[in-house]
Amino acid sequence: MGDGRDRGDGASVTVTVPHQSRPLGWVLVAIGWPLRLVVILLLLAEHLHTTLRSVGTIGLAVFAASFVLPVPLYFLAAWTRRRGRRHLTVALVEDELGEGPFVLYLRSFSDDPQRARLAPSLLAAIGGPARSLLSDEEQLAHSVRWFGPMVAVGRPRERLPYAGASRVYLPDTGWRETVVRLMSTTQLLLVGLGPGEQLRWELEQAAVHVPPQRIILLVPYDENAYAELREAVRARGALPQPLPAVPPPKRRRRYRYGIRGAVHFDADWAPQFVSFATAYPHPGRRITYSFLTRFSEKFGELGRSPRGKEH
């Protein structure tokens with residue numbers, strides 16, 4: 001299930017890190033690309049039905065396959081890619097984190113599977129053979145790379161980490177002190193709002209140890225969950241100012257997962273909600289595009305302006 005590693009600080013504490021196979025990861029990722037290419041070719045075949053039907057039996061078979069196979073092949077390509085990326089995710093213990101700058105990503109462990117999901121639209125997610133399929137978490141890591149690698153605390157005893165943030169695994173005891181140390185040294189703090197008493201404690205600690213300009217709270221699409229958290233934060237005084245109300249979406253979504261927007265703060269803790277709703281044509285880049293357009297000025301003020309434009 002995992003590998004035991006000594007924490008390395010002189011204490012006799014062994015931390016369990018998931019067992020990964022980088023060769024298997026690269027093989028699975030490589031398999032996903034030709035599968036996606038086949039999906040695209042089959043979709044193109046639908047537009048060549050007159051020509052294919054005139055070829056004969058083979059043409060008719062390809063034409064029929066173009067209606068049946070794209071969906072299962074797409075999900076097979078997505079599964080192989082996701083599984084491969086999980087084997088390639090950096091997994092380490094605290095002492096292996098190094099001294100370089102990083103972005104700390106805090107969230108409820110129960111949100112990991114949702115953040116790992118891909119864009120739900122088959123045609124929009126494929127987009128083209130050169131476009132990658134990125135989960136919400138991978139888009140987050142890509143968006144804040146100017147500050148350093150994104151690091152998240154790994155879920156204890158998980159079989160494989162999800163792709164996106166590097167995982168740092170902590171012992172069952174003393175983990176809160178480590179989280180506070182990571183907060184005090186991070187270049188940027190991302191907090192995925194969600195359920196759990198632990199997450200509320202982390203918000204309280206963030207208010208003490210992190211400058212408000214370096215905190216970004218990620219708002220889920222679930223309005224009820226956000227309203228409950230907003231009330232709990234207000235009642236406990238977890239933050240110097242209450243979280244802002246979020247306007248209802250202009251249109252209902254068929255799926256209720258993902259990141260709707262973000263709350264950021266000025267130097268006086270005045271909060272502001274920023275929506276990630278966008279007409280960007282590729283759902284697999286929605287969060288990256290939103291981050292770079294909504295926060296380019298903020299990133300520049302923090303000394304980490306993007307050096308290029310996201311395409």
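Let's start with one residue: H142 is found in helix α7. Helices (H or I, at least four residues) and strands (E, at least two) are DSSP runs, numbered from the N terminus. H142 is partly exposed, with a relative accessible area of 25%. Here buried means under 20% relative accessible area, exposed means over 50%, and partly exposed lies in between (1.4 Å probe, protein chains only). The C-alpha atom of H142 is separated by 6.8 Å from that of T288, although their positions lie 146 residues apart along the chain.

Before going on, a word about the model. It is predicted, so local features need pLDDT of at least 70 and side-chain atom pairs count only at pLDDT 80 or more, while totals for chains, interfaces and linings use all residues. Residues are numbered from 1 along each chain as its sequence is written, and side-chain values use heavy atoms, with hydrogens and water left out.

**The chain and helix α7**

The chain has 12 helices and 10 strands. Of its 311 residues, 49% are buried. A contact means heavy atoms within 4.5 Å. Among contacts between residues at least 6 apart in sequence, 72% join residues at least 24 apart.

How much of helix α7 is covered? Helix α7 spans residues 136-143 and is mostly covered, with seven of its eight residues buried. Those buried residues are D136, E137, E138, Q139, L140, A141 and S143.

Two of these names come back when we look at F291, which is found in helix α11 (residues 286-294). F291 is buried, with a relative accessible area of 0%. Leaving aside residues up to four places away in sequence, F291 touches L140, S143, V144, L190, I216, L218, F276, S296 and F299. From C-alpha to C-alpha, F291 and S275 are 9.9 Å apart in space and 16 residues apart in sequence.

**Strands side by side**

I216 and L218, both touched by F291, bring us to strand β8. Strand β8 (residues 215-220) is mostly covered, since six of its six residues are buried. I215, L217 and V219 point one way from β8, while I216, L218 and P220 point the other way.

Two strands pair if DSSP finds at least two bridges between them. The table collects the pairings of β8 and of β6.

| Strands | Sense | Bridges |
|---|---|---|
| β7 (188-192) and β8 | parallel | four bridges |
| β8 and β9 (259-265) | antiparallel | five bridges |
| β3 (91-93) and β6 | parallel | three bridges |
| β5 and β6 | parallel | three bridges |

L217 is a handy residue to find on β8. L217 is the bridge partner of V191, and in β9 the bridge partner of L217 is V263. Strands β7 and β8 also belong, together with helix α9 (residues 197-209), to a right-handed β-α-β unit. A crossover is right-handed if, with the strands pointing away from the viewer, the path from the first strand over the helix to the second runs clockwise.

In β6, S166 and V168 point one way and R167 and Y169 the other, and all are buried. The bridge partner of L92 in β6 is V168, and V151 stands opposite S166.

**A cavity inside**

On a 1 Å grid over the protein atoms alone, a cavity is a set of points where a 1.4 Å probe fits but cannot get out, and lining residues have an atom within 4 Å of a point. Grid points are joined across faces, edges and corners, and a volume is the space filled by probe spheres set on the points. The count comes to one cavity of 30 Å³ or more, and about 40 Å³ of space lies in the largest cavity.

Which residues line the largest cavity? They are L106, R107, F109, V153, W175, V179, Q198 and E202. Helices α8 (175-185) and α9 each supply at least two residues of this lining. The lining divides into five nonpolar, one polar and two charged residues. In this grouping, Ala, Val, Leu, Ile, Met, Phe, Trp, Tyr, Cys and Pro count as nonpolar, Asp, Glu, Lys and Arg as charged, and the others, Gly among them, as polar.

**Two backbone angles**

Most residues other than glycine have a negative phi. R157, in the loop between β5 (150-153) and β6 (166-169), has a positive phi near 60 degrees. R157 counts as partly exposed, at 48% relative accessibility. W269 has a positive phi of about 70 degrees and sits in the loop between β9 and β10 (271-275). Is W269 buried or exposed? W269 is buried, with a relative accessible area of 11%.

Terms used
1 Å grid on protein atoms, 1.4 Å probe; cavity = no way out; pocket = protein on both sides within 12 Å on 5 of 7 lines; lining within 4 Å.
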